[in-house]
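The exercises below are to be worked with the sequence and the structure side by side. Try each task before reading its solution.

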Amino acid sequence: MNAQNVVDLVGLSERIMVGEVVDLRDGFDPQGVPFTEVTLRVTDSIRGNNGSTYTFRQFGLLEPRTLADGRTSLAVSPDGWPRFRQDEEVMVFLYQPASITGLQTTVGLLQGKFSMVGDQLVNGVDNLNVFHQVNIDRGQLNPQEEQLLRNPATMKSAAFIGMVRRAVENRWIETGVMTHAK
């Protein structure tokens with residue numbers, strides 16, 4: 001898995017949202033592709049969603065499933081893919097849906113899905129590399145956001161969400177405020 005930092009998460013996302021997982025279901029599409037369907041009650045839309053809910057499908061079943069002919073499909077979401085739980089509070093950075101299947105997942109897979117744990121956000125790799133090889137104009141950051149850069153392992157959700165919102169709204173990547181380090 002390639003390391004994705006905040007520049008990648010923001011830059012590659014079609015949608016960035018905060019919300020609660022309100023429905024999870026799985027199945028097979030008409031072409032037989034296994035999927036997990038995730039519905040979020042959106043509490044904060046930073047990019048690409050104006051509705052109160054958003055539903056997307058990613059590859060793989062929630063768990064093995066017995067088929068009509070008695071065989072068992074083991075086509076669960078592969079290791080390294082994000083897993084969602086009912087009632088979980090999350091921040092997601094979503095790629096655009098695939099053109100053929102319509103499947104959609106998070107940028108960097110485990111790296112683009114953050115779970116809220118108390119007042120902190122943590123992704124599937126314990127926030128490893130979120131700020132690695134990133135240049136940010138420190139004059140744009142408040143003290144809470146400066147703390148994110150010093151200690152991403154204990155990332156305060158309000159500070160990270162606020163920083164991502166300003167990065168999107170003020171076009172930090174496009175204007176060079178936030179870039180990959182050279």
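**Exercise 1.** Which residue follows α3, and what is the sign of its phi?

Solution. Note at the outset that the model is a predicted one. Go to the end of α3 and read on along the chain. The residue that follows α3 is Arg171, and its phi is positive, near 55 degrees.

**Exercise 2.** Describe α3 by its span and by its buried residues.

Solution.
- Step 1: count the residues. α3 has 13 residues.
- Step 2: compare spans. From the first C-alpha to the last, α3 reaches 18 Å, close to the 18 Å expected at 1.5 Å a residue.
- Step 3: list the residues under 20% relative accessible area, which is the cut-off for buried. In α3 these are Ser157, Ala159, Phe160, Ile161, Met163, Val164, Ala167 and Val168.
- Step 4: recall the geometry of a helix. An α-helix has 3.6 residues a turn, so residues three or four places apart point the same way.

**Exercise 3.** How many residues does the largest nonpolar core have, and which elements give two or more residues to this core?

Solution.
- Step 1: find the core. The largest nonpolar core has 30 residues. Val6, Met91, Phe93, Phe160 and Val164 have the most contacts inside it.
- Step 2: assign the core to elements. Two or more residues come from each of α1 (6-12), β1 (15-28), β6 (89-94), β9 (134-136), α2 (143-150) and α3 (157-169).
- Step 3: find the largest share. α3 gives it, with seven residues.
- Step 4: look for another core. Apart from the largest core lies one of twelve residues, among them Met17, Val42, Val92 and Leu94.
- Step 5: take one residue as an example. Leaving aside neighbours within four places in sequence, Val6 is in contact with Val130, Phe131, Val134, Phe160, Met163, Val164 and Met178.

As a general background, nonpolar side chains in soluble globular proteins tend to be buried together.

**Exercise 4.** In what sense do strands β2 and β3 pair, and over how many bridges?

Solution.
- Step 1: locate the strands. β2 covers residues 34-47 and β3 covers residues 53-59.
- Step 2: state the pairing. The two strands are antiparallel, and they pair over seven bridges. One bridge partner in β3 is Tyr54, which belongs to Leu40.
- Step 3: inspect the hairpin. Five residues lie between the strands, and Gly48 has a positive phi near 85 degrees.

**Exercise 5.** Find the salt bridge of Asp26 and the one of Arg71, and state how accessible the partners are.

Solution.
- Step 1: take the total. The whole structure has 15 salt bridges.
- Step 2: treat Asp26. Its side chain meets that of Arg65 in a salt bridge, at 2.3 Å from N to O. The pair links distant parts of the chain, since Asp26 is in strand β1 and Arg65 is in strand β4 (residues 65-66), 39 residues apart. Asp26 counts as buried because its relative accessibility is 18%; Arg65, at 29%, counts as partly exposed.
- Step 3: treat Arg71. Arg71 forms a salt bridge with Asp69, and the closest N and O atoms are 2.7 Å apart. Both Arg71 and Asp69 are exposed.

**Exercise 6.** Is Trp172 buried or exposed?

Solution.
- Step 1: place the residue. Trp172 lies in helix α4 (residues 172-175).
- Step 2: apply the cut-off. Trp172 has a relative accessibility of 1%, so it counts as buried.
- Step 3: list its contacts. Leaving aside neighbours within four places in sequence, Trp172 is in contact with Gln140, Leu141, Met163, Arg166, Ala167, Val177 and Met178.

Note on methods: Residues numbered from 1 in each chain as written. Predicted model: local features only at pLDDT ≥ 70, side-chain atom pairs only at ≥ 80, totals over all residues. Heavy atoms only, no water. Core = buried A, V, L, I, M, F, W, Y, C linked by side-chain atoms within 4.5 Å. Buried < 20%, exposed > 50% of the residue type's maximum accessible area, 1.4 Å probe, protein only. Helix = DSSP H or I, 4+ residues; strand = E, 2+ residues; numbered from the N terminus. Contact = heavy atoms within 4.5 Å. Pairing = 2+ DSSP bridges. Expected span 1.5 Å × (residues − 1). Salt bridge = Lys/Arg side-chain N within 4 Å of Asp/Glu carboxyl O.
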